[in-house]
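Hi everyone, thanks for coming. I'd like to walk you through a structure, so please have a look at it with me.

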Amino acid sequence: MKLGIVGLPNVGKTTLFNALAHANAAATAYAYTSVESNLGVVAVPDSRLDRLHEALEAPRKVNATIDIVDIAGLAEGASRGEGLGNRFLADIRGVEAVAHVIRAFANPDVVHVRDAVDPNADVDLVEMELVLGDLELVERRVEKSRKAARSGDRMAQRELVTLEGLVEALQQGRLARSVQRSAEDASLFRELSLVSDRPVLFVLNTDDDQGAAEALAAHASFVEWARERGDQVVAVAARLEAELADLEPDDAAEFRAELGADEEGAIGVLLRAAYEVLGYITFFTGDYRSSETRAWQLPRGWTAKQAASRIHSDIEHGFVRAQVVNIEDLIALRSFHAAREKALQRTEGKEYIVQDGDVINFMHTG
């Protein structure tokens, strides 16, 4: 799972990246765009895993992870190759979802490329560049499909109809993800890998002393607009979170308590929202005194056999059945054996749809 952090220069993208990855990547107060994207791996906090690990007394605990990419800041004209536009568009095509950071702080020492805090205007600028970049790509593909369609190729003729509808939508300034598509079009859209086809999570980067609820209320019209079109919005004081990330966990928890902040922290809220945007759930593995307790991410709707593939291809190929216990039951009972005695363990086949919070013991051959 790869999440790309995007936005205009000086909105706090790299600061947010540092808060997520504890990476201390260089951030600047000037309006220039970094040349290289920063890469990091983030352990997803999950209190359920912590409690399961304690209950099962396993030697090792392994959190699910998200790969994050701090993509070079977008400048106006990126779709025409201005600044690092080509690099920006290429990097964003490599991620599954986008965390779009929007400036909501008023620090006069950090240059604002638009001279005012205006989330809607910032989003319009960024998304228009994405749409224009996609439009250029799709128009090139239309020319290729048109030549094939003229020769009588029926697949090309169908593709051409889809592409012409997509061009029309992009010319109207609509995101590719807003375009209706059939199951037969899915492979074409995957091949195109359009940058405006990515699911989006908006991140309002707030002042250090502004709570999340206060920030969301201050930008209520933007939040309402985003949610009406199906997007999530979270508020994060990125600089504060980056500073907290450098502290020892106990010191950070104490500081949060002094501030009256949520114990989970804004980063935990952001990562959970990213899961929801991508449609991911979490399942777990582990048993009493096993070698590890572990959280695994999985697209919602995947089967038990597909979940087995996340662990090892041999387990998928040799899948026999899955022993499943709800995580809260396993925490209370401390073993699959005890859950089985209480009739709280289920045996499921390969077509079972895995649920968030399932703890699974995969039975397999080989």
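One definition before we start: buried means under 20% relative accessible area, exposed means over 50%, and partly exposed is in between. With a relative accessibility of 42%, Asp251 is therefore partly exposed. Please keep in mind that this is a predicted model.

Asp251 sits in helix 10, and together with Glu248, Asp250, Glu254 and Glu258 it forms a negative patch on the surface. Helix 10, residues 249-259, also holds Phe255. Phe255 joins Leu247 and Leu259 in a nonpolar surface patch, with about 230 Å² of accessible area together.

Now over to helix 8, residues 220-228. Which of its residues are buried? They are Phe222, Val223 and Ala226. These residues lie on the same side of helix 8, because they cover an arc of only 100° around the axis. Ser221 and Glu228 are exposed on the other side.

Let's finish with salt bridges. The whole structure has 22 of them. In one, Lys61 meets Asp50 at 2.7 Å, N to O. This pair links distant parts of the chain, with Lys61 in strand 3 and Asp50 in helix 2, 11 residues apart.

Helix 4, residues 119-150, offers another: Arg140 and Glu136 are four residues apart there, about one turn of the helix, and their side chains meet at 3.3 Å. Arg140 is exposed at 52% relative accessible area, while Glu136 is partly exposed at 41%. Glu143 and Arg146, three residues apart in helix 4, form a salt bridge too, at 2.9 Å. Finally, salt bridges with shared partners join Glu127, Arg177, Arg229 and Asp231 into one network.

Key:
Residues numbered from 1 in each chain as written. Predicted model: local features only at pLDDT ≥ 70, side-chain atom pairs only at ≥ 80, totals over all residues. Heavy atoms only, no water. Patch = residues over 30% accessible without salt bridge, like charges linked within 9 Å, V, L, I, M, F, W, Y side chains within 5 Å. Areas by Shrake-Rupley, 256 points an atom, 1.4 Å probe, with all protein chains shown as cover. Salt bridge = Lys/Arg side-chain N within 4 Å of Asp/Glu carboxyl O. Helix = DSSP H or I, 4+ residues; strand = E, 2+ residues; numbered from the N terminus. Lys, Arg positive; Asp, Glu negative; His and termini not counted. Charge placed at Lys NZ, Arg CZ, Asp CG, Glu CD. Buried < 20%, exposed > 50% of the residue type's maximum accessible area, 1.4 Å probe, protein only. Arc of directions from axis to C-beta.
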